[in-house]
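Colleague: I should like to learn how to read a structure of this kind. May we go through some features one at a time?

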Amino acid sequence: MKPIFAITSFVFLISCNGQEEKQTETPAPVTETKKALPEFAYPVAMANWTMGDPNNTKIVLDVYQAWERKDSAVFAASFADSASMDMPDARRLTFTKGNAYKRLYNARSKYKSVTNKIVSAYALHNEENNADWVMVMVYNKWTYGDGVRDSALYWENWRLKDGKIVYLNSLAQAPPKTL
């Protein structure tokens, strides 16, 4: 009986000692060290980027969905009081709160259907300019009102301020066959 009591006491002491160690251990704080930029061969206007707010990505993706669904009200509400869009065909579109709904409604009504396949979408924050951007690669297919179908691969850079879109730069190319 005494050996069992001794073994039980020993196991109890070891287990209590292990719990004390576990309770006193505190994880080391995680600190992110910022890497210094290397010297680039060319001047870079906006070189200091960090990951941005994912809510900005949601705002932009909601715009794509609104465009597909012909929901000009949601589309227009996502833009700031004034916004500019530089399109792939070198047109610059400028919207104000007063004309955004009508202009977007008229543009979308030219298409019978539109679908988007989002290839990538991510939010970035530029530290030099304190600017928030969302970069999107999207494969877009559409059918015109007369039934003619077309598609393009777009690389779009959306700038947001206070949760509203203020600028879009859109570039396009013929899609690769893999999409």
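Colleague: Which residue follows α2, and what is the sign of its phi?

Modeller: This is a predicted model. The residue after α2 is K70, and its phi is positive, near 60°.

Colleague: What caps the N-terminal end of α2?

Modeller: D53 does so, with a side-chain oxygen 2.9 Å from the backbone nitrogen of N55.

Colleague: How many residues does helix α2 have, and what span should they give?

Modeller: Helix α2 covers residues 54-68, which is 15 residues, and at 1.5 Å a residue these should span 21 Å. The C-alpha atoms at its ends are 21 Å apart, so the model agrees with the expected span.

Colleague: Which residues of α2 are buried?

Modeller: The general idea concerns the helix turn. An α-helix has 3.6 residues a turn, so residues three or four places apart point the same way. In α2, the buried residues are N56, T57, V60, V63, Y64 and A66. Their cover includes α3, β4, β5, β6 and β7.

Colleague: Is N140 buried or exposed?

Modeller: N140 lies in strand β5, residues 131-144. Its relative accessibility is 10%; because buried means under 20%, N140 counts as buried. A polar atom of its side chain lies 3.5 Å from the backbone oxygen of T115. Among the residues that N140 touches are V114, D150 and Y154.

Colleague: Which elements have the lowest and the highest mean pLDDT?

Modeller: Helix α1 has the lowest, 47, and β5 the highest, 97. Over residues 3-15 the pLDDT is below 50, and this stretch has zero contacts beyond near neighbours in sequence. The protein chain averages 85.

Terms used
Residues are numbered from 1 along each chain as its sequence is written. This is a predicted model: local features need pLDDT of at least 70, side-chain atom pairs count only at pLDDT 80 or more; totals for chains, interfaces and linings use all residues. Side-chain values use heavy atoms; hydrogens and water are left out. Helices (H or I, at least four residues) and strands (E, at least two) are DSSP runs, numbered from the N terminus. Buried means under 20% relative accessible area, exposed over 50%, partly exposed in between (1.4 Å probe, protein chains only). A polar contact is a pair of N or O atoms within 3.5 Å; within protein, one must be able to donate a hydrogen and the other to accept it, and residues adjacent in sequence count only if both atoms are side-chain atoms. Contact means heavy atoms within 4.5 Å. pLDDT is the predictor's confidence in each residue, from 0 to 100. The expected span of a helix is 1.5 Å times one less than its number of residues.
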